[in-house]
Amino acid sequence: KIIHYKGASSKATRQSRLRWAKNSTNAMRTFYKKHLAKKYPAWFNALIYFGIWLLKNLRMLKIKLKYD
């Protein structure tokens, strides 16, 4: 059973939000590598990995700017 706490995300700290940004994009990379990477050429995989890396860094930048 999953329990949702009202307002829990609004109490998240800077560190927990940074951790979320890293973990969510690492999960994307892992999923892609496990399920999809073998279907596409290396140049396309590099493009996808770059996009995931860029997303992670943009999310982290947004969090850092908001909480500094």
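**Exercise 1. Is Ser24 buried or exposed, and what is its relative accessible area?**

Before starting, note that this is a predicted model, in which local features need pLDDT of at least 70, side-chain atom pairs count only at pLDDT 80 or more, and totals for chains, interfaces and linings use all residues. Residues are numbered from 1 along each chain as its sequence is written, and side-chain values use heavy atoms, with hydrogens and water left out.

*Solution.*
- Step 1: recall the cut-offs: buried means under 20% relative accessible area, exposed over 50%, and partly exposed in between, with a 1.4 Å probe and protein chains only.
- Step 2: Ser24 has a relative accessible area of 18%, so it is buried.
- Step 3: place Ser24 in helix H1. Helices are DSSP runs (H or I, at least four residues) and strands are runs of E (at least two), numbered from the N terminus.
- Step 4: look for a side-chain partner, and you will find Arg59, in a polar contact of 2.7 Å with the side chain of Ser24. A polar contact is a pair of N or O atoms within 3.5 Å; within protein, one must be able to donate a hydrogen and the other to accept it, and residues adjacent in sequence count only if both atoms are side-chain atoms.

**Exercise 2. Describe the surroundings of Asn45.**

*Solution.*
- Step 1: find Asn45 in helix H2, which covers residues 42-67.
- Step 2: Asn45 has a relative accessible area of 10%, and therefore counts as buried.
- Step 3: set aside the neighbours within four places in sequence; Asn45 is then in contact (heavy atoms within 4.5 Å) with Tyr32, Ala37 and Tyr40.
- Step 4: check Tyr32 in particular, as its side chain and that of Asn45 are joined by a polar contact of 2.6 Å.

**Exercise 3. How many aromatic pairs does the whole structure hold? Work through two of them.**

*Solution.*
- Step 1: apply the rule that rings of Phe, Tyr and Trp (its six-membered ring) pair if their centres lie within 6.5 Å; planes under 30 degrees apart count as stacked, over 60 as edge-to-face and the rest as tilted.
- Step 2: the search of the whole structure gives 4 aromatic pairs.
- Step 3: one of them is Tyr32 with Tyr49, edge-to-face, at 5.6 Å centre to centre and 90° between the planes. Tyr32 sits in helix H1 (residues 14-35) and Tyr49 in helix H2, so this pair ties together parts that are 17 residues apart in sequence. Both Tyr32 and Tyr49 are buried.
- Step 4: Tyr40 and Phe44 make a tilted pair, with 5.0 Å centre to centre and 40° between the planes. Tyr40 is partly exposed at 39%, and Phe44 is partly exposed at 26%.
- Step 5: add Trp43, which forms one aromatic cluster with Tyr40 and Phe44.

**Exercise 4. Which residues form a nonpolar patch on the surface?**

*Solution.*
- Step 1: patches take residues with over 30% relative accessible area and no salt bridge (a side-chain nitrogen of Lys or Arg within 4 Å of a carboxyl oxygen of Asp or Glu); like charges are joined within 9 Å, and nonpolar side chains (Val, Leu, Ile, Met, Phe, Trp, Tyr) within 5 Å.
- Step 2: the patch is made of Phe50, Trp53, Leu54, Leu58, Leu61 and Leu65, with about 630 Å² of accessible area together.
- Step 3: take Leu65 as a sample: it lies in helix H2 and is exposed at 63% relative accessibility.

**Exercise 5. Summarise the chain as a whole.**

*Solution.*
- Step 1: count 2 helices and 0 strands.
- Step 2: of the 68 residues, 16% count as buried.

Terms used
Areas by Shrake-Rupley, 256 points an atom, 1.4 Å probe, with all protein chains shown as cover.
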